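Me: I'd like a close look at one part of this model, taken slowly. Could you walk me through the strand pairing and then whatever else ties in?

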Amino acid sequence: MKILLVDDSRTIRNIQKNILSTLGHTDIVESADGVEAIVKLKETSPDLILLDWNMPNMDGITFLKTIRKDGVTTPVIMCTTEAEKSRVIQAVQAGANNYVVKPFSTETMAEKIEQTLSRVATA
Amino acid sequence: MDVRFINPFVKSIQNLFKMMLDMNVTYGKPFVPNSDNQSRPHVSAIIGFSGDASGAVVLAMGKEVAVRIASKFSGIEMDLDHVDFADAVGEIANMIAGGAKSEFVGLDVNISLPSVIIGEHHEVTNSKAHPGVCIPCSTSVGDFHVHVSMKVNKAAMAGATS
């Protein structure tokens, strides 16, 4: 399974990679913003996307709306400091499949990933 | 500054340090910084706020404590010259700001991307438009300060009371 990490912080991407590695996921692609992520998405066809909200060049919500408009159905987990209910609703309406608020525990991140993948598998 | 903004930051700092660094934070009494009591940090990470409330939060640390906290947060040993040191410190400030803003009830607020300043004994000051308070924080790896300067904008206040 290939997973695309989209976050402008390399530190966060490294933390996510460590968590994914403990879950047995090592096929990882990385992008630092939405523009780069659109290119990586086309090049690599990931099975899951972890997506930050606030990023330079193109933010996560714009990226999400863009790919859903283009018919991309890859499951997306928003992983962001934007914790307000209104933001969660906005992300779900834009096409997010799940939502993780930063800061996150390893357990929470693992649970959301497994939850999202199992939902997709049974859909 | 509206003191109701202090608790959201205190709560957010505690939550972040507990969850991602496995550390408790204890707090000193918040004070209004001036030329006599001003801290002189080596590393500062800044996040700006805009929207119904505006201002900034500055995570201000000495060199040693900044290196220890960034290393613990990222899970790798860092020094000031590490390629990801500023990124790690900026992300910590980002999480503090994001966590606090989620507690600003009834206010629609946006946060900026982080900026990080590294330089010996620099000074953190607030503009007159955004007077602030300094929250002293203590952890097992050292002490640091969080400067908070927030103001509810008039348009938002008018909206809230109409």
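Reply: Ser50(B) sits opposite Asn110(B), a residue of strand 4 of chain B. That pair belongs to an antiparallel arrangement in which strand 2 of chain B and strand 4 (residues 109-111) are joined by 3 bridges. Bear in mind throughout that this is a predicted model.

Stay with strand 2 of chain B for a moment, as strand 4 of chain B is one of its partners. Strand 2 of chain B covers residues 43-51, and it pairs antiparallel with strand 3 (residues 53-61) of chain B over 7 bridges. If you want a spot to click on, take Ile47(B), whose bridge partner in strand 3 of chain B is Val57(B). Getting from strand 2 to strand 3 of chain B takes a hairpin with 1 residue in the link.

Then there's strand 5 of chain B, residues 115-118, which is also antiparallel to strand 2 of chain B, with 4 bridges between them. Here Ile46(B) is the residue to pick, and its bridge partner in strand 5 of chain B is Ser115(B).

Further along the chain, have a look at Gly142(B), which lies in strand 7 (residues 142-152) of chain B. Is Gly142(B) buried or exposed? Neither, quite: Gly142(B) counts as partly exposed because 16 other C-beta atoms lie within 10 Å, while being buried would take 20 or more and being exposed 12 or fewer. Setting aside neighbours within four places in sequence, the contacts of Gly142(B) are Gly62(B), Glu64(B), Val65(B) and Arg68(B). Take Glu64(B): in sequence Gly142(B) and Glu64(B) are 78 residues apart, yet their C-alpha atoms are 8.1 Å apart in space.

Now for the other chain. Between the two chains, 16 residues of chain A are in contact with 17 residues of chain B. On the chain A side, that makes 5 nonpolar, 7 polar and 4 charged residues.

Within chain A, it's worth turning to a pair of helices. Helix 2 (residues 34-44) and helix 3 (residues 60-69) of chain A pack at an angle of about 35°, and their axes are 9 Å apart. The crossing of helix 2 of chain A with helix 3 of chain A is right-handed. Helix 2 of chain A brings Gly34(A), Ala37(A), Ile38(A) and Leu41(A) to the contact, and helix 3 of chain A brings Gly60(A), Thr62(A), Phe63(A), Thr66(A) and Ile67(A). Sorted by class, the residues of this helix contact are 5 nonpolar and 4 polar, with no charged ones.

How values were computed: Residues numbered from 1 in each chain as written. Chains lettered and ligands numbered in written order. Predicted model: local features only at pLDDT ≥ 70, side-chain atom pairs only at ≥ 80, totals over all residues. Axes fitted to C-alpha atoms, helices over the stretch in contact; angles between N-to-C directions. Helix = DSSP H or I, 4+ residues; strand = E, 2+ residues; numbered from the N terminus. Left-handed = near helix turned anticlockwise from the far one by under 90°. Contact = placed C-beta atoms within 7 Å. Nonpolar A, V, L, I, M, F, W, Y, C, P; charged D, E, K, R; others polar. Pairing = 2+ DSSP bridges.
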